[in-house]
Amino acid sequence: MNLDELLKEYSELELQLADPAVHADQSRARTLGRRYSQLTPIVTTYRELESVRQDLTAAKELAGEDDGFAAEAVELEGRIGPLEERLKHLLIPRDPNDDKDIIMEIKAGEGGEESALFAGDLLRMYLRYAERVGWKTEVIDSQPSDLGGYKDVTVAIKAKGDEGVWSRLKFEGGVHRVQRVPVTESQGRIHTSAAGVLVYPEAEEVDVQIDPNDLRIDVYRSSGPGGQSVNTTDSAVRITHLPTGVVVSCQNEKSQLQNKESAMRILRARLLAIAQEEAEAAAQAERKSQVRTVDRSERIRTYNFPENRISDHRVGFKAYNLDQVLDGELNAVTQALIDAEMAEKLAQHS
């Protein structure tokens, strides 16, 4: 979509959002408002650029009569370049999921109990980061390990403002490697283990249509660390989506209905991710900026405790404040990945 089309769409959105009838449908009003917020920086920057260009033309015409206008023309000329560059950045096509909330799954991998403890560290890191930026979190399902870590944990993260969670955390998908002396190691030797992170944009019901006839729903008794029963009723729910074979289990809640609702949220997010990947594959589009599935051979990041070092292998990011990062100071890491994605898109559209 070119600039003229975006300006026209913005004007139409202004008219629609001024119509009280639109706000009777909260879902539609929210969708229109979100799109209006996306376009506002583009339109504001374009209007500012046009205003500066007009002022520059006028200043140049008057410069021969008044030296003050000559100085103003120089100042205005200096503003045009940065404004053009900003507009160029804003016009780069956005990831359509950037304004969505996410569902994140963290799975223990290589390393047994130590990996489960690291999965717990990653969960705390994301929860602390969300707290710092003012996002809301909800642990949907979890399978604790014997020593207090997690074999598997699923968390929903929701934004409160216009910026979606996906835009900043979509790069977290992949295998995270840890190097440290495990609490289970008596000899003090450094071990390497890994945990997998999967990130999905949270799907609304309108995004994914699920036929109830395509679902097989099983109920069973919840279990905790070591396999002991933590519930005396069959409240845990396992949903199998027959056409795709996707299986989702939830047991955190006490009621079968709540577990089913949580499982459906995860299922919708997974099916949306699958549908989008299939559409992209059909269009021969490559996604280089993030990993949807855990490929055990690709480690995206290493957390080295002895050196207090964090390294992201995709963009060459390295810092020696691992303790702070694990306490939620993730901004520098995520910004390095966002900047790399932007640089790649600029290169493609230059």
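Q: How should strand pairing be read here, and which strand pairs with β4 (residues 174-180)?
A: Two strands pair if DSSP finds at least two bridges between them, where strands (E, at least two residues) and helices (H or I, at least four) are DSSP runs numbered from the N terminus. In this predicted model, β4 pairs with β5 through 7 bridges in the antiparallel sense. Gly 174 lies opposite Val 197 of β5. Residues are numbered from 1 along each chain as its sequence is written. Local features need pLDDT of at least 70 and side-chain atom pairs pLDDT 80 or more, while totals for chains, interfaces and linings use all residues, and side-chain values use heavy atoms, without hydrogens and water.

Q: How many bridges join β1 to β5?
A: There are 7, and these two strands run antiparallel. Ile 102 has Pro 201 in β5 as its bridge partner.

Q: Why is β5 described as largely enclosed by the rest of the structure?
A: Buried means under 20% relative accessible area, exposed over 50%, and partly exposed in between (1.4 Å probe, protein chains only). The description holds because 9 of the 11 residues of β5 are buried.

Q: What is a nonpolar core, and which element gives the most to the largest one?
A: In soluble globular proteins, nonpolar side chains tend to be buried together. A core is a set of buried Ala, Val, Leu, Ile, Met, Phe, Trp, Tyr and Cys residues joined through side-chain atoms within 4.5 Å. The largest has 32 residues, and Met 104, Ile 106, Leu 122 and Tyr 303 have the most contacts inside it. Helix α4 gives the most, with 8 residues. A second, separate core has 21 residues, including Leu 198 and Val 248.
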